[in-house]
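Please examine the model shown below. The briefing that follows treats its overall form, its core, the contact between chains and one helix.

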Amino acid sequence: MNILELTALVGLVSVAAGFLGALTGLGGGVVITPAMVLLLGIDLHYAMGAALISVIATSSGAAAAYVREGFSNIRIGMFLEIATTIGAVCGAFAAAKISPSILGVLFGAVLLHAAWISSRARPAPRPGETDDPLAARLRLNGSFPTPEGFRSYKVSHVKTGFGLMFVAGAVSGLLGIGSGALKVVAMDRAMRIPFKVSTTTSNFMIGVTAAASAGIYLNRGYIDPGLTMPVVLGVLAGSVLGARLLPGAPTMTLRRIFGLVVFVLAVEMIYSAVTGKL
Amino acid sequence: MLSDRQVDEIVGALLRYGVMLSATVVAAGGIWYLIQYGTTPPGYHIFRGEPEYLRHLRGIVSGIPGFHCRRMMQLGLVLLIATPVARVAFSVVAFMLQRDRTYVVITLIVLGVLLFSLTGIH
């Protein structure tokens, strides 16, 4: 295989990942690394570097559309980014100290979590519950547009959410992924932020979190331009295509298919890691 | 005085143009790279790490006059990394104009962490 053929293969995998990621709303970044490592035999560090950069591209591209719709909450995002960026820097430093087989097992665990999340239906919205005084002080409470006009919401458990965001950031820096699923869990479950606001704000935060580890990855020599080029361009093309087709797509079926693909990759990843193939 | 809505509009445009610019630079470098090296074998099976000139901004930028394809793609990727950083930097200014002191401080902390990662001692 020469560089041209490898570039075409990596590009195809990336278009598919970006396409499914946009259609299912789960982000394709998490499947690119295992696909490159398991199918194309690329070293884990190079794959992580390329996937991390592609995450910045899709997050920024999608966030550009979301912020204009008025769903994402810039104050929640910015406040929680303190936790995710510090976590990401810690994770990126740790990535160099941890052996590839342990990274592989961790990666498999994160994939299993993503598979589980994607196979379930979107949770029903809950009424606003306990009020956190810290949320009011930080002006985190907001409103979002619905067909019946703006609906306001209150944010709970700010400290728990902040702590979970540190973990999400560390996982992102450690594995070179966006860890959007973990961010949504922190905002949706712990902080009781409405689902649509959680997902769009999470998307908005992913690019900043990834940028925090990208500097360290670049310095460590994880980012190969020749390999990252088809990943970034492929994921961008795939996600633009996916976003175009989004209205009318059979979302639940796609989520199940995506969940199954992620599950198979998770098992393969853990198997390769345990048998010392990484 | 900027309203939250106007800030959102500017942030959206900043992100969109940042991604478009970097994708163009990466694609241009990529075409040149494939023409030059397309038929050579890749070497990604073992991690060796990138050469020193692709790890720092100075080395990447020094390749601009010579139209060095790998440096050009890397420059596009650095522009992509810089896009969310520029977004955070703009938010500092926006919160200043809104006289929201708490958020000026919060945003400066985030910007500080990002700049540490990009330029800090490793």
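What radius of gyration would a compact globule of 278 residues have, and what does chain A have? The globule value is near 19 Å and chain A has 18 Å, so the two agree; the radius is taken over C-alpha atoms, and the rule is 2.2 Å times the number of residues to the power 0.38. This is a predicted model, in which local features need pLDDT of at least 70 and side-chain atom pairs count only at pLDDT 80 or more, while totals for chains, interfaces and linings use all residues. Residues are numbered from 1 along each chain as its sequence is written, and chains are lettered from A and ligands numbered from 1 in the order in which they are written.

**Chain A**

- Chain A has 11 helices and 2 strands (DSSP runs, numbered from the N terminus: H or I of at least four residues for helices, E of at least two for strands).
- Along the sequence, the elements of chain A follow the order α-α-α-α-α-α-β-β-α-α-α-α-α.
- Along the principal axes, the C-alpha atoms of chain A fill a box of roughly 55 × 40 × 30 Å.
- Of the 278 residues in chain A, 60% are buried (20 or more other C-beta atoms within 10 Å of the residue's own; exposed means 12 or fewer, partly exposed in between, with C-beta atoms placed from the backbone).

**Nonpolar core**

- The largest nonpolar core has 125 residues, of which A:Ile53, A:Leu111 and A:Val232 touch the most other members (a core is a set of buried Ala, Val, Leu, Ile, Met, Phe, Trp, Tyr and Cys residues joined through C-beta atoms within 7 Å).
- Helix H3 (residues 44-69) of chain A gives the largest share of this core, 15 residues.
- Beyond four places away in sequence, the residues that A:Ile53 touches include A:Val232, B:Leu77 and B:Leu80.

**Contact between the chains**

- In all, 50 residues of chain B are in contact with 51 residues of chain A (C-beta atoms, placed from the backbone, within 7 Å).
- On the side of chain B that touches chain A, the largest share, 15 residues, comes from H1(B).

**Helix H4 of chain B**

- The 19 residues of H4(B) should span 27 Å at 1.5 Å a residue, and its end C-alpha atoms are 26 Å apart, which agrees (the expected span is 1.5 Å times one less than the number of residues).
- Buried residues of H4(B) include B:Tyr103, B:Ile106 and B:Val110.
- On the other side of H4(B), B:Arg101, B:Val105 and B:Thr119 are exposed.
- The cover over the buried residues of H4(B) includes helix H4 (74-95) and helix H9 (195-220) of chain A, together with H3 of chain B.

Notes. Two residues are in contact if their C-beta atoms, placed from the backbone, lie within 7 Å.
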